[in-house]
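Open the structure in your viewer and keep the selection tool at hand. The stops below say what to select and what is there.

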Amino acid sequence: MKQKIELFGLNVKHHVWRKPGTAHHLDNIIPTVKHGVGSIMLWGCFSAAGTGRLVRIAGKMNAAMYKDILDENLLQSALDLRLGQRFIFQQDNDPKYTAKITKEWLQDNSVNVLEWPSQSPDLNLIEHLWRDLKMAVHRCSLSNLMELERSCKEE
């Protein structure tokens, strides 16, 4: 699954208690970024055995790029996690995930895919892992996208 991780901005509301008339004191101001200064798109996977590879996606991902990501990372992640040949791969119904080229690759590589109803609510467990990653990275003092990628991979 893919996820956008932003360098600044987690969209978390902050509640601050302060004395009247102190709203603009430096101790009561939380810096913000009005317009994002950058983000990275990542593909990752996990199982009960742990996390698999985490890959930075360059540019806008299409079905061919997704197939290449799977080719270079999915089976190796399954090996690294000692899942064997009989794991079940879960993904949603994003068009690049259901494209003919992707389906052919999954079939050619004997990857069992969990059936996923169209227009279903996003109940994929990896969403919780992405949230944890965003929270952990947000706690770091990062200043550029290379640091963001490194921090994501370390976490």
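## A tour by selection

Start with Lys-100, which counts as exposed at 64% relative accessibility. This is a predicted model. Now add Glu-104, whose side chain meets that of Lys-100 in a salt bridge (4.0 Å, N to O). Both residues lie in helix H3, four residues apart, about one turn of the helix. Glu-104 is partly exposed, with a relative accessible area of 37%.

Stay in H3, which covers residues 100-108, and select Leu-106. Among the residues that Leu-106 touches are Leu-70, Leu-74, Phe-89 and Val-111. Leu-106 is also one of the residues with the most contacts inside the largest nonpolar core, which has 16 residues. Strand S2 (39-47), strand S3 (50-57), helix H1 (63-80) and helix H3 each supply at least two residues of this core. H1 gives the largest share, five residues. Apart from this core lies another, of ten residues; to find it, select Ile-126, Trp-130, Leu-142 and Cys-152, which are among its members.

Next, select Glu-149. Which residues are linked with Glu-149 in a network of salt bridges? They are Arg-56 and Lys-153. The Arg-56 to Glu-149 bridge is 3.1 Å, N to O, and it links distant parts of the chain: Arg-56 is in strand S3 and Glu-149 in helix H5 (residues 145-154), 93 residues apart. The bridge between Lys-153 and Glu-149 is 3.3 Å, N to O; these two are four residues apart in helix H5, about one helical turn.

Finally, colour the network by accessibility. Glu-149 is buried at 18%, while Arg-56 is partly exposed at 32% and Lys-153 is partly exposed at 46%.

Technical notes
Residues are numbered from 1 along each chain as its sequence is written. This is a predicted model: local features need pLDDT of at least 70, side-chain atom pairs count only at pLDDT 80 or more; totals for chains, interfaces and linings use all residues. Side-chain values use heavy atoms; hydrogens and water are left out. A nonpolar core is a set of buried Ala, Val, Leu, Ile, Met, Phe, Trp, Tyr and Cys residues joined through side-chain atoms within 4.5 Å. Buried means under 20% relative accessible area, exposed over 50%, partly exposed in between (1.4 Å probe, protein chains only). Contact means heavy atoms within 4.5 Å. Lists of a residue's contacts leave out its neighbours within four places in sequence.
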